[in-house]
There are 2 protein chains.
Amino acid sequence: MPEPDEWTIPEVAVAVDLAVLTVHDYSLQIMLVKRGIPPYEGMLALPGGFLESTSEDLDHAAARELHEETGLDARALHLEQLRTYGTPGRDPRRRVITVCYVAFSPQLPAPVAGGDAREAVLMPVEKVLKPRTRIAFDHKKIIADAVERARSKLEYTTLAAAFCAPEFTMTDLREVYEIVWGEQLDPRNFHRKITGVDGFLVPTGERVSRQPGRPAALYRRGPAALLHPAMLRTRP
Amino acid sequence: MPEPDEWTIPEVAVAVDLAVLTVHDYSLQIMLVKRGIPPYEGMLALPGGFLESTSEDLDHAAARELHEETGLDARALHLEQLRTYGTPGRDPRRRVITVCYVAFSPQLPAPVAGGDAREAVLMPVEKVLKPRTRIAFDHKKIIADAVERARSKLEYTTLAAAFCAPEFTMTDLREVYEIVWGEQLDPRNFHRKITGVDGFLVPTGERVSRQPGRPAALYRRGPAALLHPAMLRTRP
DNA sequence: CCAAAAGTGTTCACCGTACACCCATGT
DNA sequence: ACATGGGTGTACGGTGAACACTTTTGG
């Protein structure tokens with residue numbers, strides 16, 4: 001194995017980027033920030049930034065950038081590494097390798113833009129991924145990967161609850177699936193399936209009436225992380 | 001988003017490491033190299049090395065290191081990114097971030113050690129992952145992640161065939177599953193399940209007699225990449 | 001002939017799908 | 001009263017698990 005002292009280490013900058021996904025306004029949305037400087041000035045990009053110091057952990061850098069650029073607290077949401085993108089030329093200024101993270105957030109409380117946050121906006125991924133929509137760097141590809149990760153993880157984990165408020169109804173949860181997958185699910189079979197998974201949901205005992213119709217039971221997230229048996233989408 | 005010219009970029013070295021998995025001697029084995037210099041001199045580590053230049057793609061660096069350190073050709077096997085490890089202090093000399101790849105290889109043709117390859121050895125992952133076995137850096141954790149990736153991908157992809165020679169029998173394929181999962185499978189149900197997956201296997205029409213008993217049909221890899229329906233291991 | 005491996009057929013339990021039906025509320 | 005959404009019961013079809021059974025070779 002070649003060793004770092006054997007030659008000059010190429011000057012590579014290491015960045016961390018964040019794909020923050022949330023369900024809002026009956027669509028899957030992603031948090032983007034408007035770039036204030038070139039390159040891609042004025043275009044939308046993923047929030048992120050460079051490692052601050054030699055001693056900063058990657059996960060820590062992700063959590064820090066999340067807070068700095070969006071005001072969100074990493075402890076309050078699910079944050080996981082997606083993959084690393086390093087094609088030469090992806091940043092026109094210099095060689096940049098970016099370690100990307102995905103975050104899954106419930107409906108955002110309030111101050112998305114403002115405060116420390118730069119101009120942060122939510123945009124439906126459906127719109128972002130349209131061929132005509134232009135996004136800075138290779139971030140569109142990253143967003144596509146993040147969305148596929150989310151879709152896939154709903155199948156075999158209890159991740160969907162991470163998109164819900166602390167207390168939620170079965171319909172809230174089902175709508176997460178429907179919105180992320182873009183597919184209608186049978187409410188009755190969904191209900192039975194989810195209640196059958198041990199440790200996914202904990203009933204609070206409370207009920208809410210948000211429309212005409214029978215009030216829905218409220219649940220909290222349970223301890224289970226894996227969905228067993230899995231909940232498979234209907235493939236094309 | 002902070003920009004690279006706003007401050008001094010921390011000196012971070014970017015490396016690429018490889019977890020090459022193969023089925024050999026009725027066990028899942030991983031390729032390791034013996035380190036010739038400190039730190040961890042004399043210990044076993046994953047093959048890998050630093051990015052050679054600012055313009056080298058990560059995937060290219062992985063393929064290059066694979067060839068340099070093991071003599072294998074990346075075009076002949078399945079190579080995919082695993083994840084990136086960057087905990088400060090994981091390399092005692094300086095800050096190193098390593099982008100790890102997993103490779104799945106059929107039985108290795110011949111010259112693993114020798115040639116360009118440094119002292120490369122195959123070792124059963126079961127032995128490597130024992131608590132008493134010491135491996136350089138944080139590579140044991142990386143190996144554990146790679147093994148879990150392999151186990152998991154067998155479930156929903158046709159990856160198992162990547163561990164087999166170009167022509168193989170149903171039993172060869174079943175043994176890949178059994179060895180990687182460490183679990184016995186019913187040969188009869190396995191046979192029916194696999195032949196039922198469209199495009200997984202293409203029969204060559206040939207037969208081989210390797211033991212007493214009815215000769216087995218030979219197959220080649222088919223075009224299918226995804227296993228549908230999935231082949232699930234029995235969870236604990 | 002016998003042992004052993006390859007491959008087929010059959011049975012049963014379980015799970016997903018579809019949908020009829022009942023329950024509880026707002027208007 | 002009635003529309004609307006929440007939740008239960010039930011029948012059907014497909015898949016996995018278990019295993020009896022046939023086929024085809026080596027010894």
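## Reaching the bases of strand D

A backbone N or O atom of Gly213(B) sits 3.0 Å from a base oxygen of DNA strand D. Keep in mind that this is a predicted model. Which elements give two or more residues to the surface near DNA strand D? Chain A offers helix 4 (170-181), helix 5 (187-196) and strand 10 (216-221), while chain B adds helix 5 (187-196). Helix 5 of chain B supplies the largest share of that surface, with 4 residues.

Side chains get to the bases too. In Arg214(A), an N or O atom of the side chain is 3.1 Å from a base nitrogen of DNA strand D. For Arg192(B), a side-chain N or O atom lies 3.4 Å from a base nitrogen of DNA strand D.

## Who else is around the strand

There are 23 residues around DNA strand D, and the ones that come nearest are Thr171(A), Gly213(A), Arg214(A), Asn189(B) and Lys193(B). By type, the residues of this surface split into 9 charged, 8 nonpolar and 6 polar.

What about the DNA side? Of the strand D atoms within 4 Å of the protein, 52% are part of sugar or phosphate, and the rest belong to bases.

## How the two chains pair up

Turn chain A by 180 degrees, with a shift of 0.0 Å along the axis, and it can be laid on chain B with an RMSD of 0.1 Å. That's the relation of a two-fold axis. Which residue of chain A comes closest to the rotation axis? That would be Arg83(A), whose C-alpha is 3.0 Å away from the axis.

The copies meet through the same surface, because 100% of the interface residues of chain A are also interface residues in chain B.

Terms used. Residues numbered from 1 in each chain as written. Chains lettered and ligands numbered in written order. Predicted model: local features only at pLDDT ≥ 70, side-chain atom pairs only at ≥ 80, totals over all residues. Heavy atoms only, no water. Least-squares fit on C-alpha atoms with pLDDT ≥ 70 in both. Contact = heavy atoms within 4.5 Å. Near = heavy atom within 4 Å. Polar contact = N/O pair within 3.5 Å; in protein donor to acceptor, adjacent residues only side chain to side chain. Nonpolar A, V, L, I, M, F, W, Y, C, P; charged D, E, K, R; others polar.
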